[in-house]
Structures are given as structure tokens and as C-alpha cells.
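Got the viewer open? Load the model, and we'll walk through it one selection at a time.

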Amino acid sequence: MPSRSSPVYASAASPAYESYTPSSSSSSENIIYGGTSSYTPPRKVWVDPKSLANCGDASQIQGNVSPYVKQLILNTFIAYGAGDEHCFGHSVAKAVKFVDISAHESHEKQGRMEATTVAEILVSKSMLNGAGMLHGGCLAFLIDNTPLVALGLIQNVNGVGVTQSMNIMFHSPAPVGSWLRIISTSIAMGGRIMSARCEVINKKTGSVVASAYLNKMQPAISKL
């Protein structure tokens with residue numbers, strides 16, 4: 001089994017992580033999680049990342065998941081998170097830049113997969129409250145971008161869900177001009193309930209702006 005630090009993830013020919021076994025002669029540096037056809041929804045789902053049109057350029061995103069997975073995550077974020085110009089938070093979501101999407105086997109979780117997304121955004125005036133600091137509601141909107149879509153694509157399950165609960169701790173203010181780094185990591189993915197954690201860090205000062213835990217769930221199609 002590869003070590004936690006090794007960038008070893010599902011090959012392009014693998015339909016799911018569980019079926020992937022690296023050969024003894026393979027170089028871990030040449031193996032990437034998620035191929036061009038690795039994700040097939042097992043049942044009818046609310047939002048299927050594979051069905052969405054390409055939105056934006058994922059070629060500059062770093063990390064050890066495949067370009068295919070990176071593009072699907074970007075498509076999902078733009079289509080589902082940003083929406084069109086009339087949707088809430090559209091301008092904020094369009095300003096978010098994904099810089100890294102990665103996955104690894106967690107030693108503490110007996111080899112279970114974890115996925116992490118790293119995004120950045122510059123705090124603009126439209127994101128402020130009356131006191132001239134980043135609005136808490138805007139911060140919650142940014143935190144609601146989770147790595148569960150990435151983990152789902154790697155494991156051949158749907159990781160797009162609706163937010164069930166979110167617990168945010170606000171640690172320090174972020175004035176206009178702050179560069180924020182949003183680091184989100186999956187915690188667990190069950191049949192319907194999925195959870196993740198997030199830290200928002202001011203890149204210039206290194207201070208933690210907020211930390212959060214959130215749960216998502218797969219909605220029942222009949223109730224939508």
C-alpha cells in the first residue's frame with residue numbers, strides 16, 4: 001500500500017478506487033486518481049457532474065487527481081455553485097480560483113480515501129458588511145464549497161449534496177483586499193450523509209479567518 005505522502009491515485013483505466021491495485025513495478029509518481037471515464041452514477045441523482053457542460057479552464061489546477069476529475073469539479077462548482085448572473089453569490093463564486101485538488105489514503109482511517117480542495121479569492125467591496133469586513137454570510141457561502149464531489153468522482157459515487165448543517169467558528173476579520181485560502185477536506189462519505197471540514201486562512205497574515213464542519217446529504221428526487 002502506498003504511504004500517505006505518495007501521490008498515488010486511481011489510474012485512467014480504473015472505474016473505481018477499490019478496483020485499483022498498483023503493480024510492484026509501477027512508479028507512484030505516474031499514477032493519477034480518476035480517469036476520463038472513471039465516474040458512472042450508480043442511480044438517478046440530483047446533480048450529475050458528468051452531465052454538465054465544460055465551464056472554465058481546469059488546466060492550471062494543481063494536485064494529483066486527473067485533469068478529467070478537476071474539470072468535472074470546476075463544472076459542478078460553476079453550474080451548481082455560481083449559477084447564472086441572477087443567482088445569489090454569482091459574482092463571488094466566479095471570483096473563486098481553485099488552485100489544488102488532491103486525494104490520498106488516510107493512514108489514520110485504515111487506508112480510506114480523503115480528498116482536499118484548495119481555492120483562493122480576493123475579498124472585494126461587494127463581499128463586505130457594514131463594518132467593512134468580510135460578511136459572515138459570504139464566508140459561509142465560500143465554505144460551502146466542499147471536496148466531497150472530488151471524493152465521489154474517485155470512488156464512483158455521487159458527492160453532490162444539499163447542505164444539512166454547518167458549524168462555523170469565526171476567528172478573525174478579513175478586510176477588503178485580503179487574499180483568502182479556502183482549504184476543505186472530506187471527513188466521511190456514507191450512503192446519504194457526507195461530511196467535510198474547512199479552514200479559511202488569510203494568505204498575507206497567516207491568521208485563520210474561520211473554521212467549519214459541515215454535513216451534506218443526497219436529497220430524495222421525489223421531494224425536489
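Start on strand 6 and pick Val208, the bridge partner of Ile201. This is a predicted model, so it pays to keep the confidence colouring at hand; strand 5 (residues 193-202) is a comfortable place to begin, with the highest mean in the chain at 96.

Now show strand 5 and strand 6 together. They pair antiparallel over nine bridges. Five residues sit between the two strands of this hairpin, and there you can click Gly206, whose phi is positive, near 80°.

Keep strand 6 (residues 208-217) on screen and add strand 3. These two are also antiparallel, joined by eight bridges. Select Ile168 and look across to strand 6: its bridge partner there is Ala212.

Next, select Ile143. Which residues does Ile143 contact, leaving aside its neighbours within four places in sequence? Met166, Ile168, Cys198, Val200, Ala210, Ala212 and Leu214. Ile168 and Ala212 are the bridge pair you just visited.

Ile143 also leads into the largest nonpolar core, which has 49 residues. To see the members that touch the most others, select Ile121, Met127, Leu134, Ile143, Leu180 and Val200. Helix 1 gives this core its largest share, eight residues. In soluble globular proteins, nonpolar side chains tend to be buried together.

So go to helix 1, residues 67-82. Put a distance between its end C-alpha atoms: they are 21 Å apart, which agrees with the 22 Å that 16 residues should span at 1.5 Å a residue. Is helix 1 mostly covered or mostly open? Covered: twelve of its 16 residues are buried. Among them are Tyr68, Leu72, Phe77 and Ala82, but also Lys70, Gln71 and Asn75. To see what lies over these buried residues, turn on helix 2 (90-95), strand 1 (97-106) and helix 4 (148-155), which are included in the cover. Just after helix 1, click Gly83, which has a positive phi near 65°.

Two non-glycine residues deserve a backbone check. Gln110 is in the loop between strand 1 and strand 2 (112-122), and its phi is positive at about 55°. With a relative accessibility of 67%, Gln110 counts as exposed. The second is Asn156, in the loop between helix 4 and strand 3 (162-170). Its phi is near 65°, again positive, but Asn156 is partly exposed, at a relative accessible area of 21%.

Now zoom out to the whole chain. How many helices and strands are there? Four helices and six strands, in the order α-α-β-β-α-α-β-β-β-β from the N terminus. Of the 224 residues, 46% count as buried. Turn on the surface and you have about 11,200 Å² of accessible area, 55% of it belonging to carbon and sulfur atoms. Among contacts between residues at least 6 apart in sequence, 64% join residues at least 24 apart.

Last stop: colour by pLDDT. The chain averages 82, and 78% of the residues score at least 70. Then select residues 1-31, where pLDDT stays under 50. The model has 56 contacts beyond four places in sequence for this stretch. Where pLDDT is low, the predicted coordinates should not be read in detail.

Methods
Residues numbered from 1 in each chain as written. Heavy atoms only, no water. Buried < 20%, exposed > 50% of the residue type's maximum accessible area, 1.4 Å probe, protein only. Contact = heavy atoms within 4.5 Å. Areas by Shrake-Rupley, 256 points an atom, 1.4 Å probe, with all protein chains shown as cover. Expected span 1.5 Å × (residues − 1). Core = buried A, V, L, I, M, F, W, Y, C linked by side-chain atoms within 4.5 Å. pLDDT = per-residue confidence, 0-100. Pairing = 2+ DSSP bridges.
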